[in-house]
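Colleague: Got a minute to go through this one with me? I'd like to start with the basics and then poke at some residues.

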Amino acid sequence: MIKIIKANKTCHKKEVSKFNKKFREFLAPYCVGKPYNRFKGHYPQYLIQYNGKLIGSFLLGNMPAHRYICRFFIEEEYRGRGIGTKVLDKILNTMCSNKEGLCLAAEKNNTVAFNLYIKLGYKIYYEDEGTCCMVKPKLMR
């Protein structure tokens, strides 16, 4: 069972720190230039729990027409099982209003993540040298 938990800085400090570090380590080979931390501290962080174990995290913010997810990370041993797909679907269906969609950023050379987002129906609406921003309107579902 998948559960999304809003991180509490007091109760989840160790877990948040662990996932932030793992995310930076994971992202480093895919980034053009330095990994960015521009959203750290600005958006609430959520933890992903699977069968009672914390296995990942993400930040979720608000934009005028979309919710914005960034720093999406799942432990390597849990990837490829459809958990990320279920988490993204759960965010879109339970954390976005009827008119909002879900927006995310992907490093183009992280082909596994990039191809997953395309397969799930996300559309590119902005791209630069190394990153593209993708969106999936809720009404597309």
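Modeller: Sure, and one term up front: buried means under 20% relative accessible area, exposed means over 50%, and partly exposed is in between (1.4 Å probe, protein chains only). This is a predicted model, so local features need pLDDT of at least 70, side-chain atom pairs count only at pLDDT 80 or more, and totals for chains, interfaces and linings use all residues. Residues are numbered from 1 along each chain as its sequence is written, and side-chain values use heavy atoms, with hydrogens and water left out.

Colleague: How many helices and strands are in the protein chain?

Modeller: The protein chain has 3 helices and 7 strands. Those are DSSP runs, numbered from the N terminus: helices are H or I with at least four residues, strands are E with at least two. Starting at the N terminus, the order is β-α-β-β-β-α-β-α-β-β.

Colleague: And what share of the residues is buried?

Modeller: Buried residues account for 48% of the 141 in the protein chain.

Colleague: OK, aromatics. How many aromatic pairs does the structure hold?

Modeller: There are 5 aromatic pairs. Rings of Phe, Tyr and Trp (its six-membered ring) pair if their centres lie within 6.5 Å; planes under 30 degrees apart are stacked, over 60 edge-to-face, and the rest tilted. Phe-58 and Phe-72 make a tilted pair, with 6.3 Å from centre to centre and 45° between the planes.

Colleague: Where do Phe-58 and Phe-72 lie?

Modeller: Phe-58 lies in strand E3 (residues 53-62) and Phe-72 in strand E4 (residues 66-74), so the pair ties together parts that are 14 residues apart in sequence. Phe-58 is buried at 0% relative accessibility, and Phe-72 is buried too, at 17%.

Colleague: Which residues do ring pairs link into a cluster?

Modeller: Tyr-46, Phe-58 and Phe-72.

Colleague: What about Tyr-117 and Tyr-122, are they buried or exposed?

Modeller: Both Tyr-117 and Tyr-122 are buried.

Colleague: Let's switch to charges. How many salt bridges does the count come to?

Modeller: The count comes to 2 salt bridges. The rule is a side-chain nitrogen of Lys or Arg within 4 Å of a carboxyl oxygen of Asp or Glu. One joins the side chains of Lys-53 and Glu-77, at 4.0 Å from N to O. Lys-53 lies in strand E3 and Glu-77 in the loop between E4 and H2, so this pair ties together parts that are 24 residues apart in sequence.

Colleague: And Glu-127 with Lys-108, what's the N to O distance?

Modeller: That salt bridge is 2.9 Å from N to O. The pair links distant parts of the chain, with Glu-127 in strand E6 and Lys-108 in the loop between strand E5 (101-107) and helix H3 (111-119), 19 residues apart. Glu-127 is partly exposed at 43% relative accessibility, and Lys-108 is partly exposed at 29%.

Colleague: Lys-136 caught my eye. What is the nearest side chain of opposite charge?

Modeller: Asp-89, at 5.4 Å; Lys-136 is buried yet has no salt bridge. For charge, Lys and Arg count as positive and Asp and Glu as negative, while His and the chain ends are not counted. Lys-136 sits in strand E7 (residues 131-137).

Colleague: So what does the side chain of Lys-136 reach?

Modeller: The backbone oxygen of Leu-120, at 2.6 Å.

Colleague: Any odd backbone angles? What's phi at Asn-51?

Modeller: Phi of Asn-51 is near 50°, a positive value in a residue other than glycine. Most residues other than glycine have a negative phi. Asn-51 is in the loop between strand E2 (45-50) and E3, and is exposed, with a relative accessible area of 54%.

Colleague: And Arg-71, what's the phi there?

Modeller: About 55°, positive again although Arg-71 is not a glycine. Arg-71 is in strand E4 and is buried at 7% relative accessibility.

Colleague: Last topic, Glu-76. Where is its place, and is Glu-76 buried or exposed?

Modeller: Glu-76 is in the loop between E4 and helix H2 (83-94). Glu-76 is exposed, with a relative accessible area of 63%. The C-alpha atoms of Glu-76 and Gly-56 are 9.5 Å apart, with their positions 20 residues apart along the chain.

Technical notes:
Polar contact = N/O pair within 3.5 Å; in protein donor to acceptor, adjacent residues only side chain to side chain.
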